[in-house]
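Visitor: I'd like to understand the reasoning behind the labels people attach to a structure. Could you walk me through this one?

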Amino acid sequence: MRSSILVFGMREGADSMTDMTMNESNELNQSQAKVFFPDPLPGQERFVAPIEETPLREVDSVDEDVPPTSMWADAWMTLRHNPMFIISTILAILVILVALFPSLFARQDPSACTLANSLEPARSGHPFGFDLQGCDVYSRVIYGARTSVSIGIMTTILVTILGGVIGAVAGFFGGWIDALLSRVTDIFFAIPMLLGAIVLLQMFRTSTSLWKIIFTLTLFGWVNMARITRSAVMEAKNLEFNTASTALGSSPIRNLFRHIIPNSLAPVIVMATTSMGTYIVSEATLSFLGVGLPPTVVSWGGDISTAQNLLTTNPSVLFYPSAALAITVLAFIMMGDAVKDALDPKSRTA
Amino acid sequence: MGKYLLRRILQMIPVVLGTTLLIYALVFALPGDPVAAMFGDKPVNQAVAAQIRSEYNLDKPFIVQYVLFLKNALTLNFGNTFAGQPVVSVIGRAFPVTVKLALMAFVFEGVFGVIFGIIGGLTKGKWSDNVILVLSLLLISVPTFVTGFILQYLFGVKWHVLPATAGANPGFMDLLMPAVVLGSVSMASIIRLTRTEITSNISEDYVRTARAKGMSNRQVILRHVLRNSLIPVVTYLGADIGGLMGGAMITERIFNIQGVGNTLFQAILRGEGTLVVSIVTILVMIFVICSLVVDMLYAVLDPRIRYA
């Protein structure tokens, strides 16, 4: 069975109105129709196509035999057909593979450098040439992926958990809990992420652990996530299905986990995907400022930072890690865009 | 409106207190002894060190230091830097430069972001939209400092179009390139935001109504689509002023501008708590006031919002 909405063939808005009135007026008696639609004045006549020439057509049809799909299945359908999502996913998977198994892609040890090779141009086996210390740029680019990708992914996970929990608690319980948590959020919101990160990381300048960056970025990055989760939870909390569920005897906590959280996940997922790229850029920026990872850790940010002085003489040493960083960030941002399009049907209509 | 304004101003107090306390605690926890570092290679003279410590209240417990700092800050007496200059005069010298830089970046990102966003949104799917979209994505994914290096090299070093570094008392031309670099990432975000808003608003019912009323395309776009699309853009711009001040740390380092960012960065490296917290306090105040102004602007832009 199909249900559909039928409209008249439309050539122009005004004409179709006349079409409709012509059609209806057949059923009304002529004098009644005259009252509503008086004869046009001279010069105001307009052509109205007969109904045979502009037949009824379907503009919207729903196949009611197909089982209803959830929002997630619908989003997945949209995503699978979005070329931007396919390209960005392939790129992201490639980057993650490189990060997981760098030895499959590069044979050279990124830390084995011979000064004799300093700034040598590319040659067989070393496609990107050598940097100032005589390290192979290609293998440094490959091995640097792990640092950036793990910082990006781990920070995103921690930010989502921390911001999500704080936002959900504030939005769900309201009252003084919300007031308190919102003030805490305001305090962290007023500190620019970079500024807070520099002050904090200054203390751990010599540490080579990735966790110092991950925790710092989480500490100053959870605010936006908390705000978004809070508003999504507040919106979902007041929807009818919660009242229905309460009437059926479910406890508020059960409502929270069974109904509210699943219904407020969409903006959180969008935010998480798009912000992953930002964290990767932040790590590079912190390394550039000299408060990120020390030069002994192979990372794109560190390599870009050390290559900055070579820009005038050997721009390629700067170019390759920058390009790798940009491609990775681009992949995650594009993926976030595609996910946003799929989860937000309103932005899809156009 | 007046009541709402008062409530918001009262809410600002815990935010400013909390933020300064947080930063003060972080700076206080910095390892290393800044006083010992002042002596450099020479042996530390304990009497002098003790005198310096008491002058900067470093011998007192953390919370006392913080309260003393707050008390003095209320009278704009931020004390002296370790080098002996009054903090107020250091800030007074650095601030105008950064404010100039941030304002130029702000105007740049606002004007070009909105213009390109409108072009992209109105020509969705055409080549102009695709070019704008790809360029804005590129600007977001390349870190600011790389963009900065490349522009500095091309325009400053290779072609000699603009000065490569700014130095002291920079003029408009000196700050042009730094401002473009500083505003570039935010501009890309504004392009994307404006474009998304326009494409979603243009299919709204009220746009169809406006067209059905016989309004010209120009009127529909200007009066209905733009006015509704720009509300989130204004929010973004307002929140971005704080970000610009923070981002100035990178730009000022690349182009050697003696502004707040550079001063702040040097102060963090030296562990000069007073100077760091003084600058951060001012930055936070600017940020909080900007977000208040943005909320007030809402009422002007969106007639549905009325503050009681």
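**Where the two chains meet**

Guide: Gladly! The contact draws 45 residues from chain B and 38 residues from chain A. Keep in mind that this is a predicted model.

Visitor: How much area do chain B and chain A bury between them, and on which atoms does it fall?

Guide: About 3900 Å² is buried between chain B and chain A, and 80% of it lies on carbon and sulfur atoms.

Visitor: Why is the pair B:R192 and A:D337 called a salt bridge?

Guide: The label needs a side-chain nitrogen of Lys or Arg within 4 Å of a carboxyl oxygen of Asp or Glu. For B:R192 and A:D337 the N to O distance is 2.8 Å, so the pair meets the 4 Å cut-off. The count between chain B and chain A is 1 salt bridge. The rule for polar contacts finds 1 residue pair across this interface, with both residues at pLDDT 80 or more.

Visitor: Which elements of chain B give two or more residues to the side that touches chain A?

Guide: They are α1 (2-28), α6 (127-141), α7 (144-158), α8 (172-201), α10, α11 (260-270) and α12 of chain B. The most comes from α1(B), with 9 residues. By class, this side of chain B has 32 nonpolar, 9 polar and 4 charged residues.

Visitor: What makes A:L330 a residue in contact with chain B?

Guide: Contact means heavy atoms within 4.5 Å. Leaving aside neighbours within four places in sequence, A:L330 is in contact with B:L137, B:L138 and B:S141. A:L330 itself lies in helix α14 (residues 315-343) of chain A. The C-alpha atoms of A:L330 and A:G174 are separated by 38 Å, with the two residues 156 residues apart along the chain.

**Within the chains**

Visitor: How do you know that A:R140 and A:D303 form a salt bridge?

Guide: Their side chains meet at 3.1 Å, N to O, and the cut-off is 4 Å, so the pair counts. This salt bridge links distant parts of the chain: A:R140 is in helix α6 (residues 137-173) of chain A and A:D303 in helix α13 (residues 300-307) of chain A, 163 residues apart. Over all chains, the count comes to 8 salt bridges.

Visitor: What is the secondary structure of chain B?

Guide: Chain B has 12 helices and 0 strands. Read along the sequence, its pattern is α-α-α-α-α-α-α-α-α-α-α-α. The C-alpha atoms of chain B fill a box of roughly 85 × 55 × 30 Å along the principal axes.

**The cavity**

Visitor: Why is a space in this structure called a cavity?

Guide: The name applies because a 1.4 Å probe fits there but cannot get out. A search of the whole structure finds 1 cavity of 30 Å³ or more, and the largest cavity has a volume of about 30 Å³.

Visitor: Which residues line the largest cavity?

Guide: The lining consists of A:A190, A:P192, B:G242, B:M245, B:G246, B:L283 and B:F287. Two elements of chain B give two or more residues to this lining, α10 (217-254) and α12 (273-301). The largest share, 3 residues, comes from α10(B).

Visitor: How do the lining residues divide by class?

Guide: There are 5 nonpolar, 2 polar and no charged residues in the lining of the largest cavity. Gly counts as polar by this rule, so B:G242 and B:G246 fall in the polar class.

Key
Residues are numbered from 1 along each chain as its sequence is written. Chains are lettered from A and ligands numbered from 1 in the order in which they are written. This is a predicted model: local features need pLDDT of at least 70, side-chain atom pairs count only at pLDDT 80 or more; totals for chains, interfaces and linings use all residues. Side-chain values use heavy atoms; hydrogens and water are left out. On a 1 Å grid over the protein atoms alone, a cavity is a set of points where a 1.4 Å probe fits but cannot get out, and a pocket is an open set with protein on both sides within 12 Å along at least five of seven lines; lining residues have an atom within 4 Å of a point. Grid points are joined across faces, edges and corners, and a volume is the space filled by probe spheres set on the points. Helices (H or I, at least four residues) and strands (E, at least two) are DSSP runs, numbered from the N terminus. Buried area is the accessible area (1.4 Å probe) that two parts lose on being put together, summed over both. A polar contact is a pair of N or O atoms within 3.5 Å; within protein, one must be able to donate a hydrogen and the other to accept it, and residues adjacent in sequence count only if both atoms are side-chain atoms.
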